[in-house]
Structure formats: structure tokens, C-alpha cells
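Visitor: Could you take a close look at one part, the aromatic rings? I would like to know how they pair and how far they are covered.

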Amino acid sequence: MTKVEAIEKVMLDNGGVASLSVIYDNICKYYPLAKESKDWEAGLRGVLYREILNNRRFKKIGLSIYSLIDYKTEDTPKSSDNIRMHSYIEGICIELGNFNNNLTYTADPSALYRDNVQLKNIATMNEMPLFSYEGIVNEVKRIDVVWFNKKGYIFPKNVFEIVDSIGTLDGAFKRCIQLHNFNTKFCIVAPEKHHDKFFQTIDLELYRPYRDRFGFINYDEIQELYDTTYRKNKLESKLFIL
């Protein structure tokens, strides 16, 4: 069996779609020598890119998600579906973190991102590192998405709380400020209708000292950022082959 056929088998096992991590973890089932080379991961990506460039077998449907060429992608969740939208936005934050060369963690690993891909299939960390006191770490474990630096001692660089219901905003703020002693940026991702409430809350005496640490981005904006990044990466993947 060739590497191309092995990748295809992994995708078939996963409903016709797979993240890079799923391919990496399962390729040896069908191609036992896949990891013998020092740069085996780059080699597998090269196989994917060449097939995609020639419109054969595979297509790229996300920053780190690939599918069989005839696979029909899942529609974007409707904003009214809070449960699906929550995990979908978490997935976008994780993929963007991976793309920007961060380690990524999520509090919801079993949640469905999209196209039969769970958040654990794209997050690069299964466990929260013990970067501080146990009480702080245990609280940070509940944050939706955390980006950690790769080099040196591992600390949280950016955290993202997905606030689909305004009733969860206060809890999101409190979890973030557990990290006030670290050089961490806090981001609230929410529907635009929560924009005014975000600024009203951040101006409360409790949170005002941390006002400059927090940012707000709405669902449409982070989707636009993801789409722009995806298009740029897709073009760069083609240039890699030429």
C-alpha cells in the first residue's frame, strides 16, 4: 500500500475526513514505515499537497483538516444553535492557535468541531501543564481555549472564552483574571449582540483594573479571520509544491 492509499484509508475510517493529527496518529496502521524518516510529518503533508494540487483523491477543507475529494462539507452552524456554535468557534480558535505556532488546549475535548472532527483531534495538548499553583491551574482548565508558547517554559499566551449566553460572561471574566499575574491576553468571543454588555461589565469596579487586558471579537469577525487565514494558507500550500 502506498502513502496516498494509506492516507485515504485513514480518512475512510473517519467518515471521509481527517485532521492532520488523526492522519499522523493512524497512518502506521496502513503504512508501517511511515514514521521512519526524521521529517515524516512533512513528508505526509507533501503527499497531501501534491494530490490536492493535481485535483486527485483529497481536498483541503480547513487549516489542518483534509477530506476525500468527493466529501460534502458540513454547513456552518446557525448562530441560533448555541451548543453547536460554541464548539465550532472553539475549533476556529484552536486551529488559528495551531497555525500561529502555539500549543493549544481546550476544556471541551470531546465536543464536535465540524465534519466529524472533535476538538481533541485538533488541540495539541491533552492535559493542562502545571505552570502555576494547583488552584490557578484547575480554574484555567475550565477556559474554553488556551494558547501556550512552544519555546522555553510553557505559560498561557492567549485565552479565549466563547460567550454564547450573556449569563456566562461574568464567569468567563473571573476565569481569565486568574491569570492576571501572567503576560496573558484575554479574549471574549461572542455574538455582536453581547458587545455593549461586555463593555458595561468590564467597566465594573471588579474588572476595571484588567480592562486593557481584555479584547472582544464577534462571531463574524473571527470567522472572517479564519477564512482569510485559510485562503492564504491554501495558496502557500500550492506554492510549496511548485
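Guide: A residue is buried if its relative accessible area is under 20%, exposed if over 50%, and partly exposed in between (1.4 Å probe, protein chains only). The model is predicted, so local features need pLDDT of at least 70 and side-chain atom pairs count only at pLDDT 80 or more, while totals for chains, interfaces and linings use all residues. Residues are numbered from 1 along each chain as its sequence is written, and side-chain values use heavy atoms, leaving out hydrogens and water.

By those terms, F198 is buried, at a relative accessible area of 2%. F199 is partly exposed, at 31%. The rings of F198 and F199 form an aromatic pair (Phe, Tyr or Trp rings, the six-membered one for Trp, with centres within 6.5 Å; planes under 30 degrees apart are stacked, over 60 edge-to-face, the rest tilted). In this case the centres are 4.8 Å apart and the planes stand at 85°, which makes the pair edge-to-face. One partner of this pair, F198, is thus covered, while F199 is left partly exposed.

F198 and F199 do not stand alone: ring pairs join them to F173, F186, Y207, F214 and F216 in a cluster. Across the whole structure, the search finds twelve aromatic pairs.

Another of these pairs is made by F155 and F182. Their ring centres lie 5.8 Å apart and their planes meet at 40°, so this pair is tilted. The two residues are 27 apart in the chain, and their pair links distant parts of it. F155 sits in the loop between strand 7 (145–148) and strand 8 (156–162). F182 sits in the loop between helix 6 (169–176) and strand 9 (185–190) (helices, H or I of at least four residues, and strands, E of at least two, are DSSP runs numbered from the N terminus). F155 is partly exposed, with a relative accessible area of 33%. F182 has 18% and therefore counts as buried. In this pair, then, F182 is the buried partner and F155 the partly exposed one.

A ring can also have a charge over its face. R114 lies over the face of Y113, 6.0 Å from the ring centre (NZ of Lys or CZ of Arg within 6 Å of the centre and within 35 degrees of the ring normal).
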